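Welcome to a short set of exercises with worked solutions. Have your viewer ready, and try each task before you read on.

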Amino acid sequence: MKLSKAFWHTLREVPADAVIPSHRLMLRAGLIQKSGSGIYTYLPFGLRVFQKVEKIIRDEHNDVGCMEVSMSVVTPGELWRETGRWDDFGSEMLRFQDRAGRDLCISPTNEEAITDCFRKSVTSYKQLPVTLYQIGTKFRDEIRPRYGLMRGREFSMKDAYSFHVDKDCLDRGYQVMYDVYSRIIEKIGLNYLAVQADAGAMASGEAQTHEFQVIADSGEDNVILCEGCGYAANNERAQTGRSSLDFGEISQLEEVPTPNKSTISDVANFLNIPEHQTLKNLVYTSVTGEEEQHVLVVLLGDDEVNEVKLKNFLGSNHLAAATDEAIETLGLVKGFIGPNDVKDLKTLVDSEVDVEKSYVVGAGKVDFHLKGYVFQRDGKNFEQVDLRLSRNGDSCCECGKDVVEKKGIEVGHIFQLGDKYTKSMNATVLNVNGKAIAPVMGCYGIGVTRLAASAIEQNHDENGIIWPKEIAPFHIYLAMMAKKDENKEIGEKIYCDLKKAGFEVLFDDRGLGFGAMMKDAELLGLPLAVVFGERDFVKTGEVEIRVRKNGERCKVALDSLVDHVVKTWKEI
Ligand code: ATP
Ligand code: MG
């Protein structure tokens, strides 16, 4: 591609809301353009990257026998009603009606549509297992679209769905897809972790689910990793314990004044004890179907609630910390709530609270706490559940070693769905005994645009992007500084020779100065640059090769240029 004829415009300034590197650099390097909140046009050079990501995804899926389909972007509401998700999906689903008043939505995901396709075609176990996938546009009306393509409202995703006659077959198919996902990310060359994840409301029955997390400071997820045994989980799901804690002697329950001390740290400081010797008492409001209930959650003073675990335990559709009004209506005093003044509230005590040890808790009245509270002796009707958020320095549930916490970008998520969709949509096949059964499903999603953005998060410097070879929009940036026609012809010849050798070459023939050209070259971040400068060439007969990744440069004679480029390309 010759830049003099290309549609490519780099930017010096980007809007203030572009805070993470991939968002800033994609805008600055002229890869994408914003058209609305969370909605972007993919510009020619950006599109080349996404198409390369797609190709890697496609090749890996086709390689294991998956088959590509393309489902409609708009899906009828009646399909979503069959599984109950028309009502349950929430406001991320963009719903509308056609001229005849029929409900429709822009697909945020496609379990219903694929199950409908399956039930219209497959009748026998002999046609199983089968895995179908598609690559295309999804729309989710995200509450906070941000970070450019990282959390857009419209984005490109590959979604795959598999159907199996039983759980054993699903387990095998799931492992195949786990390996496919690993290979895709490895091929792009990113540093990632496959972690155990939370299945939320996606599945029925006991189900495996993993997320593929690209490790980056800008990640929105926290993952817990044990470097000892390799245990890795999203912290929504992680089960870790506190390392050994010290406690005081068991004593009588005693009321102590704690004037104006309503936070854990104030109380701990005032009483001169570590925070883990106090208990945090939090009231939550949970809604399940039509029913609303309040629950008391009790944790070690310096622990935080894992709301995902709490929501799963309660089976809530909606969960939030109780409002001040709700707390008052329950007759409780915020800042001084204790486990004994909650009357008939369900009380859930985190498993890390040792019910035989003595803690400081709220006394149920302003400016007082209770010292020496022992759950086993003083508590009533409580249940112990794992409800705390894991963190750095906890001990691993598998091997006991200390775990570390890292920031991750979820680029892929795979689930075992069970028969939730086939059952509710009456998609059955005849098994080997001629009996109608609902097959079990897996579903597998990977973000095309998010993968490209994550690649930039892991590979950039202050001057621009440093594309991994496999997904760079072009391989080589050929910069030509030549005024004389005979030298321009040499530039053209280099361009042709490199193309003939199989390289995708972006030929900067715009006649810009060296500085401006190199700025653009570094910003766009192609793996190699070849610099043909008239003045140097006339003096030495040499051309320069630059490696974007490590800044290495070497000058080579014109007639050995292609060989050197081929060699360097192999090495990087
Ligand atoms: P998140 O927790 O980040 O919202 P999700 O759990 O909703 O993600 P899935 O439904 O599992 O995501 O979708 C599969 C993949 O699609 C994700 O792993 C991610 O790569 C991509 N994806 C999901 N939402 C977005 C989005 N708003 N913008 C860009 N990519 C997205
Ligand atoms: Mg989401």
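**Exercise 1. The core**

Which residues of the largest nonpolar core touch the most other members?

Solution. Keep in mind throughout that this is a predicted model.

- Step 1: Start from the core itself, which holds 67 residues.
- Step 2: Rank them by the members they touch, and Met26, Leu31, Val53, Leu451, Trp467 and Tyr477 come out with the most.
- Step 3: Look for the main contributor; helix α6 (residues 167-188) gives the most to this core, with eight residues.
- Step 4: Zoom in on Trp467 and leave out residues up to four places away in sequence. Its contacts are then Leu31, Val49, Ala452, Ala455, Ile456, Ala472, Pro473, Leu524, Gly525 and Pro527.
- Step 5: As background, nonpolar side chains in soluble globular proteins tend to be buried together.

**Exercise 2. The ligand site**

Describe the surroundings of ligand 1, from its closest neighbours to the elements that supply them.

Solution.

- Step 1: Count the shell: ligand 1 is surrounded by 15 residues, and Glu142, Arg151, Gly152, Glu410 and Val411 are the closest.
- Step 2: Sort the shell by character, which gives five nonpolar, five polar and five charged residues.
- Step 3: Check the backbone for polar partners. A polar backbone atom of Gly152 is 2.8 Å from a nitrogen atom of ligand 1. For Met150, a backbone N or O atom lies 3.4 Å from a nitrogen atom of the ligand. On Gly412, a polar backbone atom is 3.4 Å from an oxygen atom of ligand 1.
- Step 4: Turn to coverage: on its own, ligand 1 has 590 Å² of accessible area, and the protein covers 83% of it.
- Step 5: Assign the shell to elements. Two or more residues come from each of β8 (154-164), β23 (404-418) and β26 (440-447). The largest share, four residues, belongs to β23.

**Exercise 3. Backbone geometry**

Where is the peptide bond from Leu128 to Pro129 found, and is it cis or trans?

Solution.

- Step 1: Read omega, which is near -5 degrees for this bond, so it is cis by that.- Step 2: Place Pro129 on the chain: it is found in the loop between α5 (111-119) and β7 (130-139).

**Exercise 4. Two asparagines**

Are Asn272 and Asn381 buried or exposed?

Solution.

- Step 1: Take Asn272, in the loop between α7 (264-271) and β15 (279-288). This residue has a positive phi of about 60 degrees although it is not a glycine.
- Step 2: Asn272 has a relative accessible area of 70% and is therefore exposed, the cut-off being over 50%.
- Step 3: Move to Asn381, in the loop between α10 (375-378) and β21 (382-385). Its phi is positive too, about 45 degrees, although Asn381 is not a glycine.
- Step 4: With a relative accessible area of 73%, Asn381 is exposed.

**Exercise 5. A leucine in a helix**

Why does Leu47 count as partly exposed?

Solution.

- Step 1: Locate Leu47 in helix α2 (residues 44-63).
- Step 2: Leu47 counts as partly exposed because its relative accessibility is 34%, and that class runs between 20% and 50%.

**Exercise 6. The whole chain**

Summarise the chain by its elements, burial and contacts.

Solution.

- Step 1: Count the elements: 16 helices and 33 strands.
- Step 2: Of 572 residues, 51% count as buried.
- Step 3: Take contacts between residues at least 6 apart in sequence; 69% of them join residues at least 24 apart.
- Step 4: For the surface, the chain exposes about 26700 Å², with carbon and sulfur atoms supplying 47% of it.

Methods. Residues are numbered from 1 along each chain as its sequence is written. Chains are lettered from A and ligands numbered from 1 in the order in which they are written. This is a predicted model: local features need pLDDT of at least 70, side-chain atom pairs count only at pLDDT 80 or more; totals for chains, interfaces and linings use all residues. Side-chain values use heavy atoms; hydrogens and water are left out. A residue is near a molecule or strand if one of its heavy atoms lies within 4 Å of it. A polar contact is a pair of N or O atoms within 3.5 Å; within protein, one must be able to donate a hydrogen and the other to accept it, and residues adjacent in sequence count only if both atoms are side-chain atoms. Accessible areas come from the Shrake-Rupley method with a 1.4 Å probe; for residues, only the protein chains shown count as cover. Ala, Val, Leu, Ile, Met, Phe, Trp, Tyr, Cys and Pro count as nonpolar, Asp, Glu, Lys and Arg as charged, and the others, Gly among them, as polar. A nonpolar core is a set of buried Ala, Val, Leu, Ile, Met, Phe, Trp, Tyr and Cys residues joined through side-chain atoms within 4.5 Å. Buried means under 20% relative accessible area, exposed over 50%, partly exposed in between (1.4 Å probe, protein chains only). Contact means heavy atoms within 4.5 Å.
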